[in-house]
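Work through these exercises with the sequence and the 3D structure open. Each task is followed by a stepwise solution.

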Amino acid sequence: IIVCMTDQDRQVKNQLFQSNSPVSSVPIKQALEQELGFDIPVASVPIPSMGLVYPESHPFHNLEEVEIYGMTATEENILTSPALIKKGTVMNELMKRCLVDKRVDPNSLISGDRASILYSIRSTGYGAEYPIKVKCPGCEAEVDKESSISDFQLKELDLESGLKQVRASENLFSFTLPLCKKEVQFKLMTGEDENRLIQSSEARKKAGMKNDSTITERWLNTLVSVDGKTDRAFIGKFVQSMRAGDSLALRKHIDLNQPNVDTSFTFECDMCNHQEVMQVPIGLDFFWPDTAR
């Protein structure tokens with residue numbers, strides 16, 4: 001069953017995302033709260049997929065919101081762990097620690113849901129304000145700006161006019177390529193897929209190879225079938241031979257419609273008055289702000 005959301009519903013959910021307000025304390029924390037004499041907050045975070053891409057066996061199945069613990073000094077230990085940084089598992093370990101439901105494997109979550117959770121964790125720990133440095137496209141001056149996580153907006157999964165889901169409660173969608181007219185089925189990137197791409201890129205660098213296969217690697221990780229054929233060797237050959245126009249059309253379709261967090265803002269240069277809609281640059285200082293070092 002697909003539930004249609006009104007504009008008012010979406011405004012309410014975005015307000016929830018903006019506030020990250022504490023809503024409760026779970027029983028496991030009660031003893032510690034009594035000893036310390038203050039509440040350990042649990043924040044409710046809306047996820048852009050609304051749980052519609054997860055099977056019944058998944059903890060996020062049909063969930064529109066999930067709960068996270070507020071970030072504390074203990075979680076800062078994770079962010080500064082050399083071992084986790086070297087392994088590239090810092091964000092996964094941070095999510096594991098902060099998600100109230102410990103059954104959740106962060107690697108199983110699609111990218112947009114992971115982003116919503118991570119942005120909210122950051123907001124509970126260091127606050128919503130996030131100073132950024134932007135290079136002006138007009139005069140190329142580096143300009144300091146203030147941004148706020150509270151201004152980020154959810155881009156929710158739209159199954160009516162956006163992505164065409166193959167089966168309910170499954171991360172599987174279809175699209176007809178405009179040039180070759182073949183129907184492809186694809187999945188949205190998960191944490192596991194992102195890690196695989198990173199590992200592949202690093203392996204190529206170590207081997208002294210040029211890292212120029214980003215697009216084909218993406219399709220190898222997301223395409224599930226081509227005209228009903230699921231053989232991986234066939235899909236690999238198809239990806240290598242896909243016409244550029246078909247690849248671009250599929251990429252635009254996914255990027256435009258996938259559930260995510262919209263970090264766009266209107267940039268105005270203090271030097272030359274150039275205006276442009278840009279994305280908030282999420283750098284290393286997002287989770288390692290100067291004020292917290």
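**Exercise 1.** Is Asp 270 buried or exposed?

Solution. The model is predicted, so every value here is computed from it. Step 1: the relative accessible area of Asp 270 is 52%. Step 2: exposed means over 50%. Asp 270 is therefore exposed.

**Exercise 2.** Find the salt-bridge partner of Asp 270, and place both residues in the chain.

Solution. Step 1: the side chain of Asp 270 meets that of Lys 145 in a salt bridge, 3.1 Å from N to O. Step 2: Lys 145 sits in strand β5 (residues 142–148), while Asp 270 sits in the loop between β12 (264–268) and β13 (275–279). The two are 125 residues apart, so the pair links distant parts of the chain.

**Exercise 3.** Explain why Cys 136 and Cys 139 form no disulfide.

Solution. Step 1: for Cys 136, the closest cysteine sulfur is in Cys 269, at 3.7 Å. Step 2: for Cys 139, it is in Cys 272, at 3.7 Å. Step 3: a disulfide needs sulfurs within 2.5 Å, so these are too far for a bond. The search of the whole structure finds zero disulfides.

**Exercise 4.** Trace the salt-bridge network that includes Asp 193.

Solution. Step 1: Asp 193 pairs with Lys 187 at 3.3 Å, N to O. Asp 193 is buried, at 0%; Lys 187 is partly exposed, at 27%. Step 2: Glu 192 pairs with Arg 196 at 3.4 Å, N to O. Both lie in helix α7 (residues 191–206), four residues apart. Step 3: salt bridges with shared partners join Lys 187, Glu 192, Asp 193 and Arg 196 into one network.

Definitions and conventions
Residues numbered from 1 in each chain as written. Predicted model: local features only at pLDDT ≥ 70, side-chain atom pairs only at ≥ 80, totals over all residues. Heavy atoms only, no water. Salt bridge = Lys/Arg side-chain N within 4 Å of Asp/Glu carboxyl O. Buried < 20%, exposed > 50% of the residue type's maximum accessible area, 1.4 Å probe, protein only.
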